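Student: I should like to learn how to read the features of a two-chain model. Could we take them one at a time?

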Amino acid sequence: MAERAVRRKSRLDVFIARMTAQKHFLEDVAGKIAGIDGPVLELGLGNGRTFDHLREILPEREIFVFDRAVTAHPASIPDGDHMIIGDIRDTLAFCGPRVKRQAALIHCDLGTGDPTADLAKAHWLGPLIDERTAPGGYVATGIALDLNGFEALPRTGDAELGRYWLYRKAA
Amino acid sequence: MSRLDSFIRRMSAQRLLLNEAADLIGELDGPVVDLGIGNGRTFDHLAALFPDRAVFAFDNFIHSAIDVLPPPERMVMGDIRDTLPHALPRLGARAALVHNDLGSADAVGNAATAAWLAPAIEAVARPDAVIVTSFPLPFSSSVSLPLPAEVRPGRYHLIRLTI
């Protein structure tokens, strides 16, 4: 047991903390955007688990999902109008005609796990996210973003360990 | 419950059962086997839990983070259906603990995998090995062990072989 007590944090520990932080951030924000018009943007469909959670906690909200390809579980794939396929670096910049309004919430779980690749991604992603976020809207992200005019909100212990961030754009 | 909720509970159950298994195999010699390294999260947890045991990973390709890869002699590459039954010379001793998360979200796919996987595990595990698995496996002789209170029955499985 002594060995167990001093065991280092594993990737599994970090991952569970990350998913838990993501869930709590999204649920927290879902209760706060009632007064903000605009859709939700999910950057990266992946397995579709987070999309499934978003549509459960925000049943009345339009959700657009961006990814290069659809590799999700068949139970959680958006309809064709709300699945935007292509390199997000390109599609996010040109999604205006399709998405129309700025978003009340943007969720981004595009982290690569490599700190340099994440820095590069944050560099092009930050301005695009700024452009697509409504005043007073929220951004929950697995990559730290340097966003002018956004406030970084307090993080839970799970968010610290799991590397998750929450920002709010000035209203 | 969303698929995210269900996933968090499944990964938490996996971690609880692996931690429990670490106590259960305290007195049993033998390496640890992780079936499906995937992105390496569970392998890294096993490496953290068992600093004094050899932990082997099996998969047919590698896409895990480069800082959690096992040394090459402990990374068995190939279709697990082919490699596992022939892995005993590589393992050096019968495994004390086998973790299996080869499953898909499809119960039919899991049943098909289970049919070849159970005998393949028996070929390389101790007759009293502990098995942690994400779906039921039809071993020739085994008992289900009590689950920690936080794990709902059926979410993840803790088994001891009784061969």
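The dialogue below treats a sheet, a helix, a contact between chains and some backbone angles.

Tutor: Please bear in mind throughout that this is a predicted model.

Student: Let us begin with the sheet in chain A. What is its strand order?

Tutor: A sheet is read by its order, its edges and its pairing. In chain A, seven strands form an open sheet with mixed pairing, in the order β3-β2-β1-β4-β5-β7-β6. Its edge strands are β3 (83-85) and β6 (150-152) of chain A, each of which pairs on one side only. From one strand to the next, the twist averages 20 degrees.

Student: How many bridges join β4 to β5 in chain A?

Tutor: There are five bridges between strand β4 (residues 103-108) and strand β5 (residues 133-141) of chain A, and the two strands run parallel. To locate the pairing, take A:A103, which stands opposite A:T133 in β5(A).

Student: Which strands are joined to β4 in chain B?

Tutor: Strand β1 (residues 32-35) of chain B is joined to β4(B) by four bridges, and the two run parallel. Here B:D34 stands opposite B:H99. Five bridges join β4(B) to strand β5 (residues 125-133) of chain B, also in parallel, and B:N100 stands opposite B:T133 there.

Student: Is β4(B) mostly covered or mostly open?

Tutor: Strand β4 (residues 95-100) of chain B is mostly covered, since six of its six residues are buried.

Student: Now to a helix. Which strands does α2 of chain A lie across?

Tutor: Helix α2 (residues 11-30) of chain A lies across β4, β5 and β7 (165-169) of chain A, and runs at about 160 degrees to β5(A). α2(A) has 20 residues and reaches 28 Å from its first C-alpha to its last, close to the 28 Å expected at 1.5 Å a residue. Of those 20 residues, 14 are buried, and α2(A) is thus mostly covered.

Student: How should one describe the packing of two helices?

Tutor: Two packed helices are described by the angle between their axes and the distance between those axes. In this model, the axes of α2(A) and α2(B) cross at roughly 130 degrees and come within 6 Å. The crossing angle is why α2(A) is oblique to α2(B).

Student: Which residues make that contact?

Tutor: From α2(A) come A:R11, A:L12 and A:F15, and from α2(B) come B:R41, B:T42, B:D44 and B:H45. By class, this contact of α2(A) with α2(B) has two nonpolar, two polar and three charged residues.

Student: How many residues does each chain bring to the whole contact?

Tutor: Chain A brings 21 residues and chain B brings 20. On the side of chain B that touches chain A, α1 (3-24) and α2 (41-49) of chain B each supply at least two residues. The most comes from α1(B), with nine residues. This side of chain B divides into 10 nonpolar, five polar and five charged residues.

Student: Finally, which backbone angles deserve a second look?

Tutor: One may look for positive phi in residues other than glycine. Phi of A:K100 is near 65 degrees, and is such a value. A:K100 is found in the loop between α5 (96-99) and β4 of chain A. A:K100 counts as exposed because it has 11 C-beta neighbours inside 10 Å. Phi of A:R163, near 55 degrees, is also positive in a residue other than glycine. A:R163 is placed in the loop between α7 (157-162) and β7 of chain A. With 18 C-beta neighbours inside 10 Å, A:R163 counts as partly exposed.

Key: Residues numbered from 1 in each chain as written. Chains lettered and ligands numbered in written order. Predicted model: local features only at pLDDT ≥ 70, side-chain atom pairs only at ≥ 80, totals over all residues. Contact = placed C-beta atoms within 7 Å. Nonpolar A, V, L, I, M, F, W, Y, C, P; charged D, E, K, R; others polar. Pairing = 2+ DSSP bridges. Axes fitted to C-alpha atoms, helices over the stretch in contact; angles between N-to-C directions. Expected span 1.5 Å × (residues − 1). Buried ≥ 20, exposed ≤ 12 C-beta atoms within 10 Å, placed from the backbone. Parallel < 35°, antiparallel > 145°, perpendicular 65-115°, else oblique.
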